[in-house]
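Subject: Structure handover, with notes on helix packing

Hello,

Here is the structure for your files. My notes on it follow below.

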Amino acid sequence: MAGENPMEQFAVRPLIEAPLFELGGHPIYFTNQALLMVLVTLLSASFLTLVVKPGRLVPTRSQSVAEISYKFVSDMIHSTTGSDGLRFFPFVFTLFIFVLCCNFFGMIPGGFTVTSQIAVTFALAGLVMLTVIFVGFAKHGIGFLKLFVPHAPWYLLILLIPIEFISFMTRPISLSVRLFANMLAGHTMLAVFAGFVVSLGAAGGLLSGLAIAPLALMVGIFMLELLVAFLQAYVFAVLTCIYLNEALHLHDQH
Amino acid sequence: MAEETATHATTEAAGHATPFPPFDTTTFPSQIFWLVLTFAVLFVVLWRVAGPRIHTVIADRRSAINKAIEAAKQARADADAASAGYDVALAGARARSNALAEETRQGINAEIAKAKAGADAQATAAMTAADARIEASRGAAKAHVADAARDAAIAIVARLTGETVSADDAAKAVKG
C-alpha cells in the first residue's frame, strides 16, 4: 500500500526533482498530477479525434462512444439553454470530457485523481463563472445585473437582492467543492477500507479471514465511485449549462 | 545538494504535521499551470478538430438517411404513378377490345343477316318459280282432264248412240 495515511494519495509530488522554470516567482514542477492531466488530455483528445472517420456512416464501437459523448453534451446544452447555447458547446464539451476523464483515470489504483484537488476544481469553477459573467455583460450590458432582481414586490427585493447576490457569488465555491469533496471522500473511503484489508490480513489467524469483509465492501464502494465519477462530471457540465442559460436569458425561460 | 534537500524534506515531514494535501498552497502554482496548459490544449483540439469531425459524421449520416428516405418516397411515388398508368392502359385496352369485339359481332351479324336475306330471297324466288310451275302443271293437267273427259264423252256417245258428237259440244256438255 501507498501508506497508512489515507490522505497521502492526494499529495501532489514533483516527479522531476528540479522545478522546470519559475513563473512569477513560483517554481513550476512536473508533478504526478501534471502527468495525469497530460495523459488525460492526450488520450481523450486523440481518442475523440482518431476514432471518428468522416464519411464512415456506420460507426465502429469507439466511434459510437465519441458520437454518444458528443450528442450527450449537445443534447444537455440544448435542453438547458436552448439552441443559442450551442455556441458554448466546445467549452462545455471540454469541461465534461476533462472532468470525466480525470475522474475515471483517478479510479485506476495507484493513479492520481486530478479532480480531488480544490485548486483544480476551483480554477475550473472560476473559469465557468468568469465565462458566465463575460457572456452576461456581453449580451445584456449593464442589464445583466437584473439577474439579481427576481420578479417580486419591492419590499421583498430588499431581502431578495442580497440573497441572489450571495447565491451567485457562492456558486464557484459550491461548484468546485461539490466535485472536489465527492472525489476526495470516495477515494479516502477506499483507502481507509484498503487499510483495513491490509491490517486485518496481516493480523493472521481468524482475523485474516475477516479481511474479506472490507474487501467486499471496497468492491461495492468502487462500483459506486465509478457512478459518482460519471455523475459529478455530468453535474459539473449541467450546472455550467444552467449558469450559462441564466447569463443568456436572465430570468426568462428559454 | 541532493542530500541537503532530502534532509530538509525529512525534517519538514517529521517536524510539523504535513498539511492536508489538497490545501497545500505551495503546490497551487504547478497545479494551475498544468491545468491551464492541458485544458487549453484539450479545448483547442475538441473545438477545432474533434468536434467538427464528429459533427460532420453525424450530419453526413443524417443527410444520408434523409436522402435515402427521399429516394424511397420518390420510388414509391414512381411505382404508384406506374401502377396508375398501368391501370389506365389496362382499362383502355379493355375498352378497345370490347369495342372491337362488339364491332366484329355486329359485322358478323350484319353479314349473317345479309346472307340470310339473300338465301331468303333465293328461296322465295325458287318457291315462286315452283309455285308457278305447279300452277302451270295443274292448268295443263286440268286441260288434259277436260280433254280426256271430252274424248271419253265422244267415245261413250258414239258407242251408245252411234252418233258423232262434235268436240265443242262434248266439251260444253262435260263442263256443264
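Leaving aside its neighbours within four places in sequence, which residues is F122(A) in contact with? In this predicted model, the partners are P172(A), I173(A) and S176(A). F122(A) sits in helix α4 of chain A. The C-alpha atoms of F122(A) and P172(A) are 6.7 Å apart, although 50 residues separate the two along the chain. With a relative accessibility of 41%, F122(A) counts as partly exposed.

Those contacts belong to the packing of α4(A) against α6(A). Helix α4 covers residues 118-140 of chain A and helix α6 residues 171-203 of chain A; the angle between them is about 140°, and their axes are 8 Å apart. The crossing is right-handed. On the α4(A) side the contact includes I118(A), T121(A), F122(A) and A125(A), and on the α6(A) side R171(A), L175(A) and F180(A) are among the residues met. By class, the residues of this contact are 11 nonpolar, 2 polar and 1 charged.

Helix α4(A) also packs with helix α8 (residues 212-249) of chain A: their axes come within 8 Å and cross at roughly 20°. Angles under 35 degrees count as roughly parallel, so α4(A) and α8(A) are roughly parallel to each other. This crossing, too, is right-handed. Residues of α4(A) in the contact include L124(A), V132(A), V135(A) and K139(A), which meet a set in α8(A) that includes F236(A), Y243(A) and L248(A). The contact of α4(A) with α8(A) has 11 nonpolar, 5 polar and 1 charged residues.

Regards

Notes:
Residues are numbered from 1 along each chain as its sequence is written. Chains are lettered from A and ligands numbered from 1 in the order in which they are written. This is a predicted model: local features need pLDDT of at least 70, side-chain atom pairs count only at pLDDT 80 or more; totals for chains, interfaces and linings use all residues. Side-chain values use heavy atoms; hydrogens and water are left out. Axes are lines fitted to C-alpha atoms, for helices over the stretch in contact, and angles run from 0 to 180 degrees between N-to-C directions. Helices (H or I, at least four residues) and strands (E, at least two) are DSSP runs, numbered from the N terminus. A crossing is left-handed if the near helix is turned anticlockwise from the far one by less than a right angle, and right-handed if clockwise. Contact means heavy atoms within 4.5 Å. Ala, Val, Leu, Ile, Met, Phe, Trp, Tyr, Cys and Pro count as nonpolar, Asp, Glu, Lys and Arg as charged, and the others, Gly among them, as polar. Angles under 35 degrees count as roughly parallel, over 145 as roughly antiparallel, 65 to 115 as roughly perpendicular and the rest as oblique. Buried means under 20% relative accessible area, exposed over 50%, partly exposed in between (1.4 Å probe, protein chains only).
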